[in-house]
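Student: I have a new structure to read. Where do I begin?
Tutor: Let us put it on screen, then take one feature at a time.

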Amino acid sequence: MTTAVDDDLWSAVGDPTRRRMLDLLLADGHGTATTLSERLPVTRQAVAKHLGVLDRVGLVHGTPAGRERRYRVDEAQLGRAIAQFSSVGAAWDARLRRIKRIAEAIQHEQDQLDTRP
């Protein structure tokens, strides 16, 4: 399975505060900048900026709710993100297995040389 890497998506979820916001939104079903800021160690303005980043990459969508916007996680986009991360993780696992085999072969050759009289 080949999945194109979306650098903006990786950047968006690379921030621990944004990941925590996604966790909260998934757990609660929705949230506003105000309700999220009450549960995070950042200001409401910072939360609003983080939500803007998540919205731009399609992980959340906001709808008007009075004077604020109510955000929900886009589960389809989250699923695509998970598939992308899994694909990249599998590719790195394969690379690391190859590196391990090469290192073991080198070690084996070195051991052979060390045991020669």
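Tutor: Start with the word contact: it means heavy atoms within 4.5 Å. Keep in mind that this is a predicted model.

Student: What share of the contacts with a separation of 6 or more comes from residues 24 or more positions apart?
Tutor: The share is 54%.

Student: Which pattern does the protein follow along the sequence?
Tutor: Read off the helices and strands in order. The pattern is α-α-α-α-β-β-α. That gives 5 helices and 2 strands.

Student: Why is the protein described as more spread out than a compact globule?
Tutor: Compare the radius of gyration with the globule rule. For 117 residues the rule gives 13 Å, but the protein has 22 Å, well over that value, so it is more spread out than a compact globule. The C-alpha trace spans about 85 × 30 × 20 Å along its principal axes.

Student: How many of the residues count as buried?
Tutor: Of the 117 residues, 27% do. Now turn to the surface. The protein exposes about 8,000 Å², and carbon and sulfur atoms supply 54% of that area.

Student: What about charge?
Tutor: Count the side chains of each sign. There are 18 positive and 16 negative ones. The centres of the two sets lie 5 Å apart.

Student: How do I read a nonpolar core?
Tutor: First, the general idea. In soluble globular proteins, nonpolar side chains tend to be buried together. Now this case. The largest nonpolar core has 20 residues.

Student: Which residues touch the most other members of this core?
Tutor: They are Leu-36, Leu-51 and Leu-59. Six elements are worth finding on the model: α1 (7–13), α2 (16–28), α3 (33–37), α4 (44–56), β2 (68–73) and α5 (75–115) each give two or more residues to the core. The largest share, 4 residues, comes from α2.

Student: What does Leu-51 touch, leaving out residues up to four places away in sequence?
Tutor: Leu-51 touches Met-21, Leu-25, Ala-33, Leu-36, Val-60 and Tyr-71.

Student: Now a single residue. Where is Asp-55 found?
Tutor: Asp-55 is in helix α4.

Student: Why does Asp-55 count as partly exposed?
Tutor: Look at its relative accessible area. Partly exposed lies between 20% and 50%. Asp-55 has 29%, so it is partly exposed.

Student: Which residues is Asp-55 in contact with, leaving aside neighbours within four places in sequence?
Tutor: Asp-55 is in contact with Val-60, His-61 and Gly-62. Try one distance as well. Asp-55 and Ala-12 are 43 residues apart along the chain, and their C-alpha atoms are separated by 9.5 Å.

Terms used. Residues are numbered from 1 along each chain as its sequence is written. This is a predicted model: local features need pLDDT of at least 70, side-chain atom pairs count only at pLDDT 80 or more; totals for chains, interfaces and linings use all residues. Side-chain values use heavy atoms; hydrogens and water are left out. The radius of gyration is taken over C-alpha atoms; the globule rule is 2.2 Å times the number of residues to the power 0.38. Buried means under 20% relative accessible area, exposed over 50%, partly exposed in between (1.4 Å probe, protein chains only). Accessible areas come from the Shrake-Rupley method with a 1.4 Å probe; for residues, only the protein chains shown count as cover. Lys and Arg count as positive and Asp and Glu as negative; His and the chain ends are not counted. The place of a charge is taken as NZ of Lys, CZ of Arg, CG of Asp or CD of Glu. A nonpolar core is a set of buried Ala, Val, Leu, Ile, Met, Phe, Trp, Tyr and Cys residues joined through side-chain atoms within 4.5 Å.
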